[in-house]
Each structure stands twice: as structure tokens, then as C-alpha cells.
Amino acid sequence: MNTAALVGCTGLVGSQILSALQAIPQKPTIYAIARREITSVTPNTKPVVEPNSADWPAKLKNLATTPEVFLSALGTTRGQAGSFAAQRAIDYDLNLALANAAKDSGIKTYVLISSGAVSAKSKFPYMKMKGELEDAVKALDIPHIVIVKPGLLLGQREDLRLAEAALQTVAKGLGTISKAWLTDWWAQDADIIGRAAVAAALECSEGRREKGVWIVGQSEILSLGRQAPG
């Protein structure tokens with residue numbers, strides 16, 4: 001991998017993806033598209049700061065070098081967005097616009113951080129929306145499409161909700177007792193997810209994975225993430 005682009009790099013998983021990309025020994029050029037300046041910058045990291053996220057697809061299409069890999073950890077919450085419609089504009093509309101921009105740019109590997117147990121047939125709006133996004137990106141003409149589907153995210157973030165914090169406490173407690181085997185099937189550390197996303201991207205870009213859609217579930221996240229540098 002010589003070049004990569006990333007959105008969502010200031011979030012819980014996205015920041016870990018950025019760190020994993022920066023840890024690749026070959027030091028690929030990393031275009032980090034964000035609304036604000038990022039704090040984790042290395043010589044091979046090229047921040048692309050654009051406060052208006054609606055312009056991100058155009059920014060992706062007009063980078064100095066077409067990335068081999070595009071990774072999206074983009075997402076928000078209903079609380080942050082202000083309404084479900086505003087959340088959908090980010091989680092679905094912007095994500096799909098970026099995926100189409102990746103296709104139009106000739107990017108060969110697309111990696112989406114999704115979530116476990118989502119479905120376009122779900123009765124729950126959030127799960128339905130995420131499932132619809134998965135279905136939409138699967139249909140795109142990109143040689144390698146990787147959809148990473150973690151369970152509960154373990155890690156500290158600014159917008160941690162009360163229920164999520166309680167589940168994290170349970171998961172961490174069980175992990176301490178059982179050396180992780182009680183939690184691995186339903187909760188994963190953000191750094192493991194980030195390293196797994198990059199490891200999957202490397203497998204695709206280096207020709208070690210057949211073309212097509214690759215669904216990376218929770219067990220595969222653990223195996224990829226724990227063997228990858230980071």
C-alpha cells in the first residue's frame with residue numbers, strides 16, 4: 001500500500017485506523033480528511049481539512065494522488081446530529097457519496113466500518129439505515145469492498161452514552177475475569193478494530209485476497225487485529 005485516504009479519523013475507531021496506517025513500515029502517504037485539524041500527524045500524514053463535510057467527496061476525487069485504499073469510519077449519533085434525519089445525512093448519504101467518489105476515482109479497495117447485526121429489513125431505524133448502507137456499497141463497482149462489522153466498541157470517546165458506558169463496564173469486567181473469552185464474541189477494543197481494518201486493506205491491496213465483497217465479522221476482527229502491527 002503506497003497511498004490511503006481516511007474519513008472519520010477523529011472518532012474512536014477512526015483514530016485507531018489512522019494510528020495503524022501510520023505504523024505500516026512502508027510509510028504510505030495517508031490523506032486524512034476531517035472537519036478540523038488532527039492531532040496525530042506524522043511526516044507521511046497529509047491532513048485535508050474541510051469544515052463542510054458535503055465537500056468531502058469532491059476532496060477525495062481531487063487528491064494529489066489517487067489512493068489505493070479508502071477507509072471510512074464516518075458516523076455520528078442522533079444526539080450529536082440533532083435528529084435522525086440529520087444523522088442519516090451523515091451515516092448514509094455522506095458515506096454513500098464518498099463510496100461513489102472512491103469508485104469514480106478508481107480506488108481499488110474500499111473499507112467501511114459498519115456494525116454487527118444490522119439489516120436493511122430491521123424494524124429499528126438505525127440498524128435499518130446501516131444495513132441499507134451495506135447493501136448500497138456492496139453494489140458498487142469497486143474491486144475490493146471490505147465491510148468490518150464489530151460488536152460493542154470498547155474505548156473512551158467524548159460522546160459515550162450512559163447505556164453504552166454501562167455495557168463497556170460489564171465487558172471490561174468480564175474480560176478481566178476471563179482473559180477476554182467472555183467478551184470477544186460481542187465486544188471489541190477500538191484499537192483491535194482499527195488494526196483489523198488496516199490489515200484487511202493490506203491483504204486486498206497486496207493481492208492476497210480475491211476481488212469481491214469481504215464481510216469481516218467479530219472473530220475475524222480479532223484474528224486480524226491481534227496479528228497486525230499498531
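These exercises work through helix packing, burial and salt bridges in a predicted model.

**Exercise 1. Classify the packing of α1 against α7.**

Step 1. Locate the helices. Helix α1 covers residues 12-22, and helix α7 covers residues 190-205.

Step 2. Take the two descriptors. Two packed helices are described by the angle between their axes and the distance between the axes. Here the axes come within 8 Å and cross at roughly 55°.

Step 3. Apply the cut-offs. Roughly parallel needs an angle under 35 degrees, and roughly perpendicular needs 65 to 115. The crossing angle of α1 and α7, roughly 55°, fits neither class. The two helices are therefore oblique to each other.

Step 4. Add the hand. The crossing of α1 and α7 is right-handed.

**Exercise 2. List the residues with which α1 and α7 meet, and sort them by class.**

Step 1. Take the α1 side. Its contact residues are L12, V13, Q16, I17, A20 and L21.

Step 2. Take the α7 side. There the partners are A190, D191, I193, G194, R195, A197 and V198.

Step 3. Sort by class. The contact of α1 with α7 has nine nonpolar, two polar and two charged residues.

**Exercise 3. Decide how far α1 is enclosed by the rest of the structure.**

Step 1. Set the threshold. Buried means under 20% relative accessible area.

Step 2. List the residues of α1 that pass. They are L12, V13, G14, I17, L18, A20, L21 and Q22.

Step 3. Conclude. Eight of the 11 residues of α1 are buried, so the helix is largely enclosed by the rest of the structure.

**Exercise 4. Describe how α4 packs on α5.**

Step 1. Read the geometry. The axes of α4 and α5 come within 10 Å, with a crossing angle of roughly 10°.

Step 2. Classify. The cut-off for roughly parallel is under 35 degrees. Helices α4 and α5 are therefore roughly parallel to each other.

Step 3. Name the contacts. From α4 come F84, Q87, R88, D91, Y92, N95, L96 and A99. From α5 come P125, Y126, M129, K130, E132, L133, A136 and V137.

Step 4. Sort by class. This contact has 10 nonpolar, two polar and four charged residues.

**Exercise 5. Examine three of the eight salt bridges in the structure.**

Step 1. Start with E132 and R88. Their side chains meet in a salt bridge at 3.0 Å, N to O. The pair links distant parts of the chain, with E132 in helix α5 (residues 125-138) and R88 in helix α4 (residues 84-105), 44 residues apart. R88 is partly exposed, at 26% relative accessible area.

Step 2. Turn to K103 and D104. The closest N and O atoms of this salt bridge are 2.8 Å apart. Salt bridges that share partners join K61, K103 and D104 into one network. K103 has a relative accessible area of 28% and is partly exposed. D104 is also partly exposed, at 48%.

Step 3. Finish with E50 and K59. Their side chains form a salt bridge at 4.0 Å, N to O. E50 counts as buried, at 14% relative accessibility. K59 counts as partly exposed, at 33%.

**Exercise 6. Is E134 buried or exposed, and which residues are in contact with E134?**

Step 1. Place the residue. E134 lies in helix α5.

Step 2. Check its accessibility. At a relative accessible area of 5%, E134 is buried.

Step 3. List the contacts, leaving aside neighbours within four places in sequence. E134 touches S114, S115, V118, I147 and K149.

Note on methods:
Residues numbered from 1 in each chain as written. Predicted model: local features only at pLDDT ≥ 70, side-chain atom pairs only at ≥ 80, totals over all residues. Heavy atoms only, no water. Axes fitted to C-alpha atoms, helices over the stretch in contact; angles between N-to-C directions. Helix = DSSP H or I, 4+ residues; strand = E, 2+ residues; numbered from the N terminus. Parallel < 35°, antiparallel > 145°, perpendicular 65-115°, else oblique. Left-handed = near helix turned anticlockwise from the far one by under 90°. Contact = heavy atoms within 4.5 Å. Nonpolar A, V, L, I, M, F, W, Y, C, P; charged D, E, K, R; others polar. Buried < 20%, exposed > 50% of the residue type's maximum accessible area, 1.4 Å probe, protein only.
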